[in-house]
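User: I would like a close look at a single part of this model, followed outward into the parts around it.
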Amino acid sequence: ELLAKLASLDSVKFSGVNILSRELKSRVYSDSKLAALIALLGVLLLLYLDFRSIKSPLLALIPLGFGILWMFGLMDAFGMKLNLMNIFAVIVILGIGVDYGVHLLHRYYEESQFDVALAVNQVGKAVLMAALTTIFGFGTITYSDYPGLVSMGVACILGVGSCMVASLVLLPAVLILWGRPSSVP
C-alpha cells in the first residue's frame with residue numbers, strides 16, 4: 001500500500017528488476033493474447049478464402065482447437081506453467097497446427113467418393129512427416145541452457161504433436177460421423 005501511495009506522486013519513479021519484470025510479464029501476456037486473436041482471425045480469413053464456405057474452415061480448425069487444448073492439458077500434466085517464452089508457442093501452433101487438418105480436408109473433398117480412409121491413407125504420411133520434422137526442429141530448442149527456451153520447445157512439441165494426432169484421428173472420426181457432404185464446399 002505504501003508503494004502504491006508513493007508511486008502516485010509525480011516526482012517519484014520506481015525501478016528495479018522486480019518492477020520491470022512485472023511490467024514485462026503484464027505486457028507480454030496482454031500482447032500475446034492480442035497476437036493470438038489476430039493470428040486466429042487471419043487463419044479464419046485465409047481458410048474462408050480457400051474453402052469458400054463457413055463449415056469447412058470450422059472442420060479444418062477442429063484439429064487445431066483440440067491440439068491446443070491437449071497441449072495445455074499435457075503441459076499441466078507435466079507440471080509446466082505458462083511463462084513468457086512458452087506463451088508464444090500458442091501463436092506458433094496457430095500457424096503450424098492448422099495445416100494438417102486443411103490438407104486432410106482438401107484430400108477428402110477431392111475424392112469423388114468422400115472416402116475418409118482413402119484421404120487419410122493418401123495424406124496421412126505427409127502430415128505425419130511434416131509434423132515429425134517440425135517436432136524435431138523444435139526439439140533442438142529443448143537442449144538450450146535457458147529454461148524459457150526449453151519450455152517453449154517442449155510446448156511447441158506438445159502442440160504440434162497434439163495437432164497431428166487430432167488431424168489423423170479426431171478429424172477423420174468427425175468426418176465419418178458427419179457423413180458425406182451434400183456438396184463440396
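What is the relative accessible area of Leu82? Please go on from there to its surroundings.

Analyst: Leu82 has a relative accessible area of 40%, so it counts as partly exposed. On this scale, buried is under 20% relative accessible area, exposed is over 50%, and partly exposed is in between, with a 1.4 Å probe and protein chains only.

This is a predicted model, in which local features need pLDDT of at least 70 and side-chain atom pairs count only at pLDDT 80 or more, while totals for chains, interfaces and linings use all residues. Residues are numbered from 1 along each chain as its sequence is written, and side-chain values use heavy atoms, with hydrogens and water left out.

Leu82 sits in the loop between α3 and α4. Helices (H or I, at least four residues) and strands (E, at least two) are DSSP runs, numbered from the N terminus. Setting aside residues up to four places away in sequence, Leu82 touches Tyr29, Phe72, Met75 and Ile87; contact here means heavy atoms within 4.5 Å. The C-alpha atoms of Leu82 and Ala155 are 9.3 Å apart, although their positions lie 73 residues apart along the chain.

One of those partners, Ile87, belongs to helix α4. Ile87 has a relative accessible area of 9% and is therefore buried. Apart from neighbours within four places in sequence, Ile87 is in contact with Val28, Tyr29, Ser32 and Leu82. Ala155 appears here too: its C-alpha atom is 8.5 Å from that of Ile87, at a sequence separation of 68 residues. Ile87 is one of the buried residues of α4, with Ala89, Val90, Ile91, Ile93 and Leu94. The buried residues of α4 pack against α2, α3, α5 and α7.

On α2, Leu24 is partly exposed, with a relative accessible area of 48%. The C-alpha atoms of Leu24 and Leu84 are separated by 8.8 Å, at 60 residues apart along the chain.

Next, the interior. The largest nonpolar core has 42 residues, and those with the most contacts inside it are Leu47, Leu64, Leu105 and Tyr108. Such a core is a set of buried Ala, Val, Leu, Ile, Met, Phe, Trp, Tyr and Cys residues joined through side-chain atoms within 4.5 Å. At least two residues of this core come from each of α2 (17–51), α3, α4 (87–96), α5, α6 (116–139) and α7 (147–178). The largest share, nine residues, is supplied by α7.

Leu47 touches Arg52, Pro57, Ala60, Leu61, Val98 and Val102, not counting residues up to four places away. Arg52 lies in the loop between α2 and α3 and has a positive phi of about 60° although it is not a glycine. With a relative accessible area of 56%, Arg52 is exposed.

Two helix pairs remain. α3 (residues 55–77) and α5 (residues 98–110) pack at about 135°, with their axes 7 Å apart. Axes are lines fitted to C-alpha atoms, for helices over the stretch in contact, and angles run from 0 to 180 degrees between N-to-C directions. α3 is therefore oblique to α5: angles under 35 degrees count as roughly parallel, over 145 as roughly antiparallel, 65 to 115 as roughly perpendicular and the rest as oblique. Their crossing is right-handed, a term for a near helix turned clockwise from the far one by less than a right angle, left-handed being anticlockwise. The contact is formed by Ser56, Leu59, Ala60, Leu61, Pro63 and Leu64 of α3 with Val98, Gly101, Val102, Leu105 and Tyr109 of α5. These divide into nine nonpolar, two polar and no charged residues, where Ala, Val, Leu, Ile, Met, Phe, Trp, Tyr, Cys and Pro count as nonpolar, Asp, Glu, Lys and Arg as charged, and the others, Gly among them, as polar.

The axes of α5 and α6 come within 9 Å and cross at roughly 160°, and the two helices are therefore roughly antiparallel. This crossing is also right-handed. On the α5 side the residues are Tyr100, His103, Leu104, Arg107 and Tyr108, and those they meet in α6 include Val116, Val123 and Thr134. The contact of α5 with α6 has ten nonpolar, three polar and one charged residue.

For the protein overall, there are seven helices and zero strands. Buried residues make up 36% of its 185 residues. Of contacts between residues at least 6 apart in sequence, 74% join residues at least 24 apart.
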